[in-house]
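Work through the exercises below with the model open. Try each task before reading its solution.

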Amino acid sequence: MKALLEEAAAAEPELEGRLFVVARAKEFLYGREETELLRKRLPGLRVTYITAAPGRRRDQATERLVHALRACEQWPAHDVYLAGPPGFLTEVVEAVEELGTDPARIHHDTLPAVGRFRSRPSTAAERLLGPPQLRWHNPEARAPREPREAREA
């Protein structure tokens, strides 16, 4: 997204657009300084930062984005550019299609999920039905110990 905006700033500084920067929590918002510099170079760019509310599920950020998208108008007249993990993209693409965006005008880059958030159960039932993989201890992988007698000598 940053590269597209930099191109736009160089080629069409009068371009108007809307950028939603979404992260599962405030501490995961990165590149904010660069985004603000691009916003200054593109006066027609409106930027909205969205995260989950404090103390809420992390996937609430996606719900808040979908709510914000519904508040915008004229989706059939816009190209949509997305980047994010597969689950996020699926949900947002469905939302903008429902709002009238032609699927041919939706462009996206799928990013891998990171860290322990590769799969995110969002309910207690999902956590029960799909618990995380157990990490079993492998005693055979340990380095052998010296016998106690050898250590005491």
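**Exercise 1. List the residues in contact with Leu-82, leaving aside its neighbours within four places in sequence.**

Solution. This is a predicted model. Start by placing the residue: Leu-82 is found in strand E3, residues 80-84. Next, collect its contacts. They are Met-1, Leu-89, Val-92, Val-93, Ile-106, His-107, His-108 and Asp-109. Now take one of these partners, Ile-106. Ile-106 is 24 residues away from Leu-82 along the chain, yet their C-alpha atoms are separated by 7.7 Å. Finally, check the accessibility. Leu-82 has a relative accessible area of 10%. The cut-off for buried is under 20%, so Leu-82 is buried.

**Exercise 2. Classify Met-1 by accessibility and find the surface patch that includes it.**

Solution. Met-1 sits in the segment before H1. Its relative accessibility is 34%. Partly exposed covers the range between under 20% and over 50%, so Met-1 counts as partly exposed. Then look at the surface. Met-1 joins Leu-4 and Tyr-81 in a nonpolar patch. Together the three have about 270 Å² of accessible area. Met-1 is also one of the contacts of Leu-82.

**Exercise 3. Sort residues of helix H1 into buried and exposed, and say what covers the buried ones.**

Solution. H1 spans residues 2-11. Leu-5, Ala-8 and Ala-9 are its buried residues. They cover an arc of only 100° around the axis, so they lie on the same side of H1. The general rule helps here. An α-helix has 3.6 residues a turn, so residues three or four places apart point the same way. Turn to the other side of H1: Ala-3, Glu-7, Ala-10 and Ala-11 are exposed there. Last, find the cover. The buried residues of H1 are covered by elements including strand E1 (17-22), helix H2 (32-41) and strand E2 (45-50).

**Exercise 4. Is Lys-40 buried or exposed?**

Solution. Lys-40 lies in helix H2. Its relative accessibility is 63%. Exposed means over 50%, so Lys-40 counts as exposed. For its position relative to H1, use Ala-9, a buried residue of that helix. The C-alpha atoms of Lys-40 and Ala-9 are separated by 9.5 Å, with their places 31 residues apart along the chain.

**Exercise 5. Compare the span of helix H3 with the expected value, then list its buried residues.**

Solution. H3 runs from 60 to 71 and has twelve residues. From first C-alpha to last, H3 reaches 17 Å. At 1.5 Å a residue, 16 Å is expected, and the two values are close. The buried residues of H3 are Gln-60, Ala-61, Thr-62, Leu-65, Val-66 and Leu-69. Their cover includes E1, E2 and helix H4 (86-98).

Technical notes. Residues numbered from 1 in each chain as written. Predicted model: local features only at pLDDT ≥ 70, side-chain atom pairs only at ≥ 80, totals over all residues. Heavy atoms only, no water. Buried < 20%, exposed > 50% of the residue type's maximum accessible area, 1.4 Å probe, protein only. Helix = DSSP H or I, 4+ residues; strand = E, 2+ residues; numbered from the N terminus. Arc of directions from axis to C-beta. Contact = heavy atoms within 4.5 Å. Expected span 1.5 Å × (residues − 1). Patch = residues over 30% accessible without salt bridge, like charges linked within 9 Å, V, L, I, M, F, W, Y side chains within 5 Å. Areas by Shrake-Rupley, 256 points an atom, 1.4 Å probe, with all protein chains shown as cover. Salt bridge = Lys/Arg side-chain N within 4 Å of Asp/Glu carboxyl O.
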